[in-house]
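Here's a quick briefing on the empty spaces in this protein, plus a few local details worth having on screen. Load it up and follow along.

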Amino acid sequence: MASSSNTLAEVLLSRRVQEMVVNGEQPVSLYICRDEKDAQNAPISPLAPIPIIDLSLLSSSSTEEELQKLKSALCCWGCFQAINHGIPSSFLDEIQQVTREFFRQSMEEKKKYSKGVVEEMEGYGGDPSPEQGQFLDWQDRLLLTVYPHDLRVPKFWPQNPQSFSEILESYTCKMRMVTKLVSKSMAKSLHLEENCFLEQFGEGATLQARFNHYPCCQRPDIVLGLKPHSDGTGYTIILQDIEGLQILQNQQWLTVPTVPNALFILMGDQMEIMTNGIFRSPVHRVITNKEKVRTSIAVFYTPEKNKEIGPQDGLVNEERPRLFKNVKDYEIIHWEHYQRGMRALHTAQV
């Protein structure tokens, strides 16, 4: 039974959700995450009052008030909406547009950049086949390592649209600037030396860009675009066009509102480890939409490979003892648990 289920998952993942929608196919059982009775009783998810942080104030001379807002946001929510980040709205429109153009291309063109079904992460397609009993996500995606340059896999970088690589190159530079400012600001909000988190991430900290396409789904009540999880990153920077992302707060799913030209910045498990549990790594998911296609761009910022990270010394004391061990390549452990529908943070606890 397990073997036949896994085989079906691999067959489905060898296709594309976008292709199924064009053919008028309904979601089959492996995409269904809950029964219809539970769906009928599910409460409506209200908008989350997620704090808005002005990044331009974090780099000015009078930053203390905004730093405390940042600390409060990450302690309570584990995320925030970043405005005035220095990236022109016209450029954000460009990268969103080139993302839509990529997914609008023929299936033949997109499949030139296809990944393997079972294990391969980078490239175009769906996430690798999950373990027995886990449902599939209603989405297609393109995942690319964008920094450091020597970790890039050129065969997965689309040649069409022709502007794709140039725009992504520029976006990568802008994301590096944002991560430096945010990492320094988080340290200062905790009264730490401003470079301490950057040093933990390392000079070879990786940036991966994930371009997500969530086609319309005729059963949004029982099918999810992305299953509930926390990120295994340091943190993640998300650009979304319409609502659909939800976070779990006090056992209630809340919808992340779209703020024009804002970047939604979400803490991952490794940031919770580095701050000794002071900043939260929230569980989140993506719901589907019956009438609208949703696209988003998520940039994952992760410590460099083989680099050990752990609770910052200044955050461990008698009042707040050490909660986590030092870990290395935590994202690998995280992925193994994610494939089983589990969180991995407990594996790093003391």
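**Pockets first**

Sorted by class, the lining of the largest pocket has 14 nonpolar, 12 polar and 8 charged residues. Keep in mind that this is a predicted model. The rest of this briefing goes through the pockets, the cavities, the cysteines and a few single residues.

**The largest pocket**

- There's about 890 Å³ of space in the largest pocket.
- Its lining takes in 34 residues, and the ones nearest the centre are Met121, Leu143, Gln208, Phe300 and Trp335.
- Which elements give two or more residues to that lining? They are the strands S4 (140-147), S5 (206-214), S6 (224-229), S7 (235-240), S11 (284-287) and S12 (294-302), along with helix H11 (330-338).

**The second largest pocket**

- Here the volume is about 320 Å³.
- The second largest pocket has 16 lining residues, with Arg34, Pro43, Ser45, Gln246 and Arg285 nearest its centre.
- Two or more lining residues come from each of strand S9 (252-255) and S11.
- S9 is the top contributor to the lining of the second largest pocket, giving 3 residues.
- By class, the lining of the second largest pocket splits into 9 nonpolar, 5 polar and 2 charged residues.
- Arg285, one of the residues nearest the centre of the second largest pocket, has its C-alpha 8.3 Å from that of Leu248, although the two are 37 residues apart along the chain.
- Leu248 itself belongs to strand S8 (residues 245-249), and it counts as partly exposed because its relative accessibility is 21%.

**Closed cavities**

- How many cavities of 30 Å³ or more does a search of the whole structure find? The search turns up 2.
- The largest cavity holds about 160 Å³ of space.
- Around the largest cavity sit 20 lining residues, of which Leu13, Gly126, Asp127, Leu136 and Asp137 are nearest the centre.
- The lining of the largest cavity breaks down into 9 nonpolar, 4 polar and 7 charged residues.
- The second largest cavity has about 30 Å³ of space.
- Lining the second largest cavity are Leu13, Arg16, Lys115, Gly116, Val117, Tyr124, Gly125 and Gly126.
- For the second largest cavity, the class split is 3 nonpolar, 3 polar and 2 charged.
- Leu13 and Gly126 turn up again here: they are among the residues nearest the centre of the largest cavity, and they also line the second largest cavity.

**Cysteines**

- A disulfide is a covalent bond between the sulfur atoms of two cysteines.
- With a cut-off of 2.5 Å between cysteine sulfur atoms, the count of disulfides is 0.
- Why is Cys79 without a bond? The closest cysteine sulfur, in Cys76, is 10 Å from the sulfur of Cys79, which is too far.
- Cys79 counts as buried because its relative accessibility is 0%.
- Cys216 isn't in a disulfide either, as the nearest cysteine sulfur, in Cys217, is 8.9 Å away.
- Cys216 also counts as buried, at 18% relative accessibility, with the cut-off for buried being under 20%.

**Helices**

- Helix H8 (residues 164-189) has 26 residues, and its first and last C-alpha atoms are 36 Å apart.
- That span for H8 is close to the 38 Å expected at 1.5 Å a residue.
- After H8 comes His191, with a positive phi near 60°.
- Helix H6 (residues 89-104) is where you'll find Thr99, which counts as buried at 2% relative accessibility.
- A polar atom of the Thr99 side chain lies 2.7 Å from the backbone oxygen of Ile95.
- An α-helix has 3.6 residues a turn, so residues three or four places apart point the same way.

**A buried glutamine in a loop**

- Where does Gln139 sit? Gln139 is in the loop between strand S3 (123-125) and S4.
- Is Gln139 buried or exposed? Gln139 counts as buried, since its relative accessibility is 6%.
- The side chains of Gln139 and Arg210 are joined by a polar contact of 2.9 Å.

Note on methods. Residues are numbered from 1 along each chain as its sequence is written. This is a predicted model: local features need pLDDT of at least 70, side-chain atom pairs count only at pLDDT 80 or more; totals for chains, interfaces and linings use all residues. Side-chain values use heavy atoms; hydrogens and water are left out. On a 1 Å grid over the protein atoms alone, a cavity is a set of points where a 1.4 Å probe fits but cannot get out, and a pocket is an open set with protein on both sides within 12 Å along at least five of seven lines; lining residues have an atom within 4 Å of a point. Grid points are joined across faces, edges and corners, and a volume is the space filled by probe spheres set on the points. Helices (H or I, at least four residues) and strands (E, at least two) are DSSP runs, numbered from the N terminus. Ala, Val, Leu, Ile, Met, Phe, Trp, Tyr, Cys and Pro count as nonpolar, Asp, Glu, Lys and Arg as charged, and the others, Gly among them, as polar. Buried means under 20% relative accessible area, exposed over 50%, partly exposed in between (1.4 Å probe, protein chains only). The expected span of a helix is 1.5 Å times one less than its number of residues. A polar contact is a pair of N or O atoms within 3.5 Å; within protein, one must be able to donate a hydrogen and the other to accept it, and residues adjacent in sequence count only if both atoms are side-chain atoms.
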